[in-house]
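Subject: Structure for you to look at

Dear colleague,

Here is the structure I said I would pass on. My notes on what turned up in it follow below.

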Amino acid sequence: MLSNIRVVLVGTSHPGNIGSTARAMKTMGLSSLYLAEPKVAPDGHSVALAAGASDILKHAVTVNSVEEAIADCAMVIATSARSRTLDWPMLDPREAGEKLVGSAVNGPVAIVFGRENNGLSNEELQKCTYHVAIPANPEYTSLNLAQAVQIICYEARMAHLASTKVDYPKVEEVYPLAKDQENFFEHLESTLLSTGFIVKNHPGQVMTKLRRLFSRARIERAEMNILRGILTSVDKKVVDKTSNEQ
């Protein structure tokens, strides 16, 4: 179960943080590390701070974007401070650990950590199912990257230990993968543009709010297929109407 939980570091700029992350992961039994558009590669300093977890560094996967790192994941949780401008479904670390373990029964899931200096962009955050905020001391919220990783990995391990007493049913790919969700949102935006519901030059926040709605609802794969079918039927009507008018 823990092997299906993927830790994704985005835009990491300090090799020591990569090594410390590997150590935090291994102490909690996680092993899958992805580096999305890193500014640096693991080096000797990384190995030194990994302190015996160099096998995780050796097998770390480097990709060019968050999208590539999470493409085959059915659930993605992003670490984020609470935001007034992006009201996304929020979890605390314990809830995040439970959801990661519960979904990891069926396939890969991911927990995404942002850049050391400015975290994740709004666009990257919107590609995730949930956001998790660590309730640190409001007068001093300065957690470094490896500390944040350690907290979430600990909660995942505790949820995993608790789950050994629970018989989770294995359901094959109940939820759509991240890449399928992106295809759906692209299709939805295209259809809404074709009907005039979204004005191309003044799109506003419609797609952001729709992404938030579907993330909160967390629709299943079969439900998304139905929605794709509805969009296709609308597309056909728009094309037919356009053809008749011409």
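Y34 has V61 as its bridge partner in β3. This is a predicted model, and everything here should be read as such. The bridge belongs to the parallel pairing of β2 with strand β3 (residues 61-63), which runs over three bridges. On the β1 side, Y34 stands opposite V8. Strand β1 (residues 5-10) also pairs with β2 in the parallel sense, over five bridges. The connection between β1 and β2 goes through helix α1 (residues 15-27), and the three elements make a right-handed β-α-β unit.

Strand β2 covers residues 32-36, and five of its five residues are buried. In a regular strand, side chains alternate between the two faces of the sheet. In β2, S32, Y34 and A36 lie on one side, with L33 and L35 on the other, and both faces are covered.

The ring of Y34 has a charge over it: the charged end of R6 sits 4.1 Å from the ring centre. A second case of this kind involves R218, whose charged end sits over the ring of Y175, 3.6 Å from its centre.

Next, the nonpolar cores. The largest has 36 residues, and I5, V7, L9, L33, I77, F113 and V149 are those with the most contacts inside it. Helix α7 (residues 145-163) gives the most to this core, contributing seven residues. A second core, separate from that one, has 17 residues, including V10, A36, A69 and A178.

What does V7 touch, leaving aside residues up to four places away in sequence? Its contacts are T21, M25, L30, S32, L33, Y34, I111, F113, V149 and C153. Among them, L33, F113 and V149 are, like V7, on the list of residues with the most contacts inside the largest core.

Last, the aromatic rings. A search of the whole structure finds three aromatic pairs. One of them, F184 with F185, is tilted, at 5.4 Å centre to centre and 55 degrees between the planes. Ring pairs link these two residues and F214 into a cluster. Are F184 and F185 buried or exposed? F184 has a relative accessible area of 1%, and because buried means under 20%, F184 counts as buried. F185 is buried as well, with a relative accessible area of 5%.

Regards

Conventions: Residues are numbered from 1 along each chain as its sequence is written. This is a predicted model: local features need pLDDT of at least 70, side-chain atom pairs count only at pLDDT 80 or more; totals for chains, interfaces and linings use all residues. Side-chain values use heavy atoms; hydrogens and water are left out. Buried means under 20% relative accessible area, exposed over 50%, partly exposed in between (1.4 Å probe, protein chains only). Helices (H or I, at least four residues) and strands (E, at least two) are DSSP runs, numbered from the N terminus. Two strands pair if DSSP finds at least two bridges between them. A crossover is right-handed if, with the strands pointing away from the viewer, the path from the first strand over the helix to the second runs clockwise. Rings of Phe, Tyr and Trp (its six-membered ring) pair if their centres lie within 6.5 Å; planes under 30 degrees apart count as stacked, over 60 as edge-to-face and the rest as tilted. A charge sits over a ring if NZ of Lys or CZ of Arg is within 6 Å of the ring centre and within 35 degrees of the ring normal. A nonpolar core is a set of buried Ala, Val, Leu, Ile, Met, Phe, Trp, Tyr and Cys residues joined through side-chain atoms within 4.5 Å. Contact means heavy atoms within 4.5 Å.
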